[in-house]
Protein chains: 4
Amino acid sequence: MTHSPETPITDDSFTIAGRVFHSRLLVGTGKYRDLEQTRQAIDASGAEIVTIAVRRTNIGQTPGEPNILDVLPPDRYTILPNTAGCYDVDSAVRTCRLARELLDGHQLVKLEVLGDQQTLFPDVVATLTAAEILVKDGFEVMVYTNDDPIMAKRLEAVGCVAVMPLAAPIGSGLGIRNRLNILTIVENAQVPILVDAGVGTASDAAVAMELGCDGVLMNTAIAAARDPILMASAMRKAIEAGREAFRAGRMAPKRFASASSPLDGLFF
Amino acid sequence: MTHSPETPITDDSFTIAGRVFHSRLLVGTGKYRDLEQTRQAIDASGAEIVTIAVRRTNIGQTPGEPNILDVLPPDRYTILPNTAGCYDVDSAVRTCRLARELLDGHQLVKLEVLGDQQTLFPDVVATLTAAEILVKDGFEVMVYTNDDPIMAKRLEAVGCVAVMPLAAPIGSGLGIRNRLNILTIVENAQVPILVDAGVGTASDAAVAMELGCDGVLMNTAIAAARDPILMASAMRKAIEAGREAFRAGRMAPKRFASASSPLDGLFF
Amino acid sequence: MTHSPETPITDDSFTIAGRVFHSRLLVGTGKYRDLEQTRQAIDASGAEIVTIAVRRTNIGQTPGEPNILDVLPPDRYTILPNTAGCYDVDSAVRTCRLARELLDGHQLVKLEVLGDQQTLFPDVVATLTAAEILVKDGFEVMVYTNDDPIMAKRLEAVGCVAVMPLAAPIGSGLGIRNRLNILTIVENAQVPILVDAGVGTASDAAVAMELGCDGVLMNTAIAAARDPILMASAMRKAIEAGREAFRAGRMAPKRFASASSPLDGLFF
Amino acid sequence: MTHSPETPITDDSFTIAGRVFHSRLLVGTGKYRDLEQTRQAIDASGAEIVTIAVRRTNIGQTPGEPNILDVLPPDRYTILPNTAGCYDVDSAVRTCRLARELLDGHQLVKLEVLGDQQTLFPDVVATLTAAEILVKDGFEVMVYTNDDPIMAKRLEAVGCVAVMPLAAPIGSGLGIRNRLNILTIVENAQVPILVDAGVGTASDAAVAMELGCDGVLMNTAIAAARDPILMASAMRKAIEAGREAFRAGRMAPKRFASASSPLDGLFF
C-alpha cells in the first residue's frame, strides 16, 4: 500500500483489520534461550504485534505447562497466532480454529501453508484455498506468501487483511532477494504489505521500509543474534529509520554529483 | 578499527584525536535551502561533528556576511573544516591553515584533494603528500580517500587520525559500491574508519555501520531529500541501528533455515 | 535438472520430450524489423527450437498472408507454438489446440497464462490448471512460470516436459533477479529447466547456464538490440560459454588468493 | 578505450603498443598441474598474449631446468613478462630489465607492484613511480592497478600502453566488484583497458567485455577450475560473447516490457 508522503510526521500509524498500530516491527517468539529472554527481546523491539506458532507454543492447549501468554499478556500485545508447520489446507484451517477457541474468539491470524520442509516456501495454491475458507469463516487473515505480485493481488482479492511476502527463505537471513518484486507488490496493493521472513540484519529491515512496505515481521534475525536484546533494539531503530527515509523522499541516485550524470540504462 | 563486541551498551563512545564522541553520524552544511533549514536538519541528525567547506562557506573570512558559526556554535559542535574544491596539494594545505587561523588554532581538519571535477574521486598521491605536510605542521588530519585498503593503511601510517573511504562518488547517493573493500579497510585499521561520500538513504548508512565502520559522514543524502529534517532523523536512527546490529552480532546467513544449508561457494 | 559434470565434452546434448537437441539457446520471433531480419538473426543464434506466438503470428490461420513457417521451415527447426497473450485457462488451451491443428498434430507447446498486462508475470494457479488439461489431452507441455521452486515442482509433477522459470519480467532485460531461486529449481528438478524471459545481454545468458539450467529462451534481448544479428551470435557464444563453465567446475570464490580467506558469513 | 560500434564485424582487432591482436583473452601460466596442461589450456583459450611471472617461472634464467618458452614459443605467442611477487619499485624495475635481457630486447612488460601479501592489491604510488622509470627506459608498460579512475588516467598520462584495473583481488574469483568504476575508466581512456585479476567464471569475463573493456587477463579462473581445458574454452567464448554484445548494443533495461516503465531512480 503506497502512502502519501504528506502524512504528518506526528501520526504515522497504520491500520490492520481496523486496529491501529504505531510500531511497524512485528516479531515472533521462537528460538530464544528461555521465556525471560523472549520477554526482554520483545520488549526491546517495541513490537505491538507478536506472532505465535500455535503448533509449537503453548497458548493454553497444554494446561500445566508454561504459557507464553504469561509473558506476553494479550492486553498489552496483539497476539497473532500463526500456522507455522502446516503443509496442507486442513491443518492450517484447523490450527486457526484452535487458536480462536483458545483465545476467546480472536479472529486475527497469520496464515502460512508451506510447500516443503527444505525451503519453507509457501504452497501458494493451498494458501489461496485456505485463505478463502478462513475469510468466509470470519477470520481476519494476514497471509504469508512468496514475492509474486500476481499472487499478492489474488490474496488481497479474496479478502486477506494484509499480505506478507517473503524477503528470502524463512530463517535464512539473506535479506530482500528481489527488491523489484516487493516494490511492485507495494505499488499495486490496497491492503498493508509486510515483509515476512528472510531479514538478517538491521539494514535489511530498513530496505524493506524504504521500498514502501507497511511493516516487517521477523524472528530468527533477532533470536539468533549473539545478543538478541541489543539486536531487537537495532531492528526497532532500523524500521523507524527506513520508514522515515521513505517518507522523507530520498535523493535521486546518479553516477556523479554533476547534474548531467544520469543512470539510465545502467542496472547493476 | 574493529571493535570488541563485548563493549558494554551503556558506553559506546568512540574517540578521534583524543576527543570522545557519542554520535557516529557526521554531517556537512551544503545544499540546504537556507541557514535555518541547515540548523534544523543538523539538530535532527544528532551530529556532534559538522564539516564545513572553507572555500564555499563563510566561517569569518568574509566579514559582514552571514557566518555559519552563528547557527553552529563551536561550543556545541566540533567544527571540522574541510578542503572541498581543492585539486592540488598547495590549495589544500593553504585552506587548512586559513581555517586554523580563523578558528583560533583549531587543529582538526578533513583533508580532501580531488582528482577531477567529473568524478570528485580523490587524487590519492596528492592526498598522501598533503597529509604528510599537514601532520608535520601539527594538524589532526581526518582524510577522505578512495576504498583502496593499501592507501588507507598508508594514510594511517603517515599519522592521519581517521581514514574516510568513499562509499561511492560524492553526491551520487549510490550507497556502498564495494563492501568487501570497506570491510578490509576496517579489519586492518588502528584508527577510526568513517565512510565519507556516496550514502543515499538510511539503509546505506546502516550497512556501513554493520561492516564495522566507526561512523559515517554525509551531506547530500540529507540536504537533497524532499524533507531534509525528516531524513536527518532517519539517518540518526539508521546509524544507531547499524551500530547496534554490528555489536549484537548478526545471525549467519544460510540458504535455508535447516542447519545443513551452507552458502559456501555461492557469491551473488 | 543437475547434470553429471563427467559428461564427455563431445556429446553435450539434452533431451526434451524424447527429442535430442544440441543448441541450448531457444529463440522467439517477435519484434524484428521484418521476416528477413528474423530469419538472419535466428540463423546466427544457432537455435534449433523456435517459439511462435500463435495469437500474433501467422502459421497458417490467415491464408494469403506471409507465413512465418516459410522462413522457419519445420523440417529444419522444432517449432514451439506458445500461448503469449492468453490471460485465462480457456484461451490458452484453445490456442494450443489451434496450433496442433495447424501444425498437423504437433504436440510440443509452450504454455503461458499471464496474470496481468502490466507485469506479464504468470498466473500460476491458472497455469497449473491449464497444464493439467493439456497434459491429459496429449500435449507435451513446456511451461512458463515464475521463479518459485514449489510451483516448479508442482508443474513437473503434473507432467510438464520442461519447466521455464522467468529470470525477470518478459521484455525487461533485467537479467536473473533471484539466482538462488533458479538454483533451487535446478537442483530439485527431474525435467529440463530453461530460463524464459528477462535476459538482457550475453552475460545474463551465461549466468543462467552457470547455475545449471539446461537452456535459455529469449526474444527481446536479441530483437531489440541495435544489431540483432550480432547479438544473436553473442547469445549463442554466451550460452555455450556458460554451459562449458558449468561443466568445467568453476574455482571456489574467496576473499583473497590465500588459502585462509573464506567467504563464510559474507553475502553481498 | 571506448569503441565505435560501427566497427565492421569482420575486423574487430585491437592494438597494444603497435601490435595488432585478435584474441581479447590474455592468460597466465601459473597453478597448472604441469607444462602439458598449461600448453593445452592456453591452446584452448585461443590467447595470443601469455603473461609469465619472471620471478617464479624459468624463461632462461635457470639453465638446465624446463623452460616455459619450450611450450609457449615466442614466434607463436606474444610473451608478456610480469613482475608478480614484487613489492617495491626497485625489484619491479630489475625484474623487467632481467626479462628484457633474457628475451633479447623484448620491451613489452606487465608491471605490478603489490601493496601487501594479504590482499595482493597494488601499491599505486610505487606502481606510478615504477611505470615512469620503465617508460623512460624504453619499456612498453601494461600496468596492473586498482579500479580507481583517477589513477588509471595518471598511469596513461605517464605513457603506459595499456591500463589493467583489477576486477577483484588476484586469485579471488569474485568477479567485477565495482562495475561503475570499470565503466568510468573505460569511458575516459585513450589506451586499451584490460581487466586483470578477480574473474572467477565465464559470465564475469563477459561482463567485463560488455562494459567496453578491450580485453581480460586471467589465470586462476582457468587453472583452478576442475577441468582447466574446458574452462579455457568457456572463457574464450565468453570473451567473444561479451565483446559482440557490446558491439551489438544491448536493449535498454526496463521494469516491464511496456514502454512506460522506466527504471529511473531505482538502483539495486
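For the residue classes used below, Ala, Val, Leu, Ile, Met, Phe, Trp, Tyr, Cys and Pro count as nonpolar, Asp, Glu, Lys and Arg as charged, and the others, Gly among them, as polar. Keep in mind that this is a predicted model.

**View 1. The largest cavity and the residues that line it.** Here we look into the biggest of the enclosed spaces; the structure holds 10 cavities of 30 Å³ or more. The largest cavity has about 120 Å³ of space. Its lining is made by 19 residues. Nearest the centre of this cavity you'll find Asp147(A), Asp148(A) and Asn181(A) from chain A, along with Asn146(C) and Asp147(C) from chain C. Sorted by class, the lining breaks down into 9 nonpolar, 5 polar and 5 charged residues. As for how such spaces are found, rolling a probe the size of a water molecule over the atoms shows where empty space is left.

**View 2. Chain C meets chain D.** This close-up takes in a contact between 50 residues of chain C and 51 residues of chain D. Together the two chains bury about 3,800 Å², with 61% of that area on carbon and sulfur atoms. On the chain C side, the residues that lose the most area to chain D are Leu230(C), Met251(C) and Phe256(C), which together make up 17% of what that side buries. If the area figure seems an odd way to describe a contact, the size of an interface is often given as the accessible area lost when the parts come together.

**View 3. Polar links and helices between chains C and D.** Stay with the same two chains, but look now at how their residues pair up: there are 4 salt bridges across the interface of chain C and chain D. One of the salt bridges to look for joins the side chains of Lys237(D) and Glu240(C), at 3.2 Å from N to O. Polar contacts across this interface link 26 residue pairs. Which elements give two or more residues to the side of chain C that touches chain D? They are α6 (202-210), α7 (220-223) and α8 (228-248) of chain C. Of these, α8(C) gives the most, with 13 residues. By class, this side of chain C divides into 28 nonpolar, 11 polar and 11 charged residues.

**View 4. Chain C meets chain A.** Now we turn to another partner of chain C, where 26 residues from chain C and 26 residues from chain A come into contact. About 2,000 Å² is buried between these chains, and carbon and sulfur atoms give 58% of it. The interface of chain C and chain A has 2 salt bridges. In this view, look for the side chains of Asp123(C) and Arg154(A), which meet in a salt bridge at 2.5 Å from N to O. There are also 6 residue pairs in polar contact across the interface of chain C and chain A. On the chain C side, α3 (124-136), α4 (149-157) and α5 (179-188) each supply at least two residues. The largest share, 5 residues, comes from α4(C). Sorted by class, this side of chain C has 11 nonpolar, 8 polar and 7 charged residues.

**View 5. A salt bridge between chains C and B.** Over all chains, the structure holds 64 salt bridges. The one picked out here joins Glu187(C) to Arg255(B), with their closest N and O atoms 3.0 Å apart. Where do the two ends of this pair sit? Glu187(C) is in helix α5 of chain C, while Arg255(B) is in the segment after α8 (228-248) of chain B, so the pair crosses between chains.

Terms used: Residues numbered from 1 in each chain as written. Chains lettered and ligands numbered in written order. Predicted model: local features only at pLDDT ≥ 70, side-chain atom pairs only at ≥ 80, totals over all residues. Heavy atoms only, no water. 1 Å grid on protein atoms, 1.4 Å probe; cavity = no way out; pocket = protein on both sides within 12 Å on 5 of 7 lines; lining within 4 Å. Points joined across faces, edges and corners; volume = space filled by probe spheres on them. Contact = heavy atoms within 4.5 Å. Buried area = accessible area lost by both parts, 1.4 Å probe. Polar contact = N/O pair within 3.5 Å; in protein donor to acceptor, adjacent residues only side chain to side chain. Helix = DSSP H or I, 4+ residues; strand = E, 2+ residues; numbered from the N terminus.
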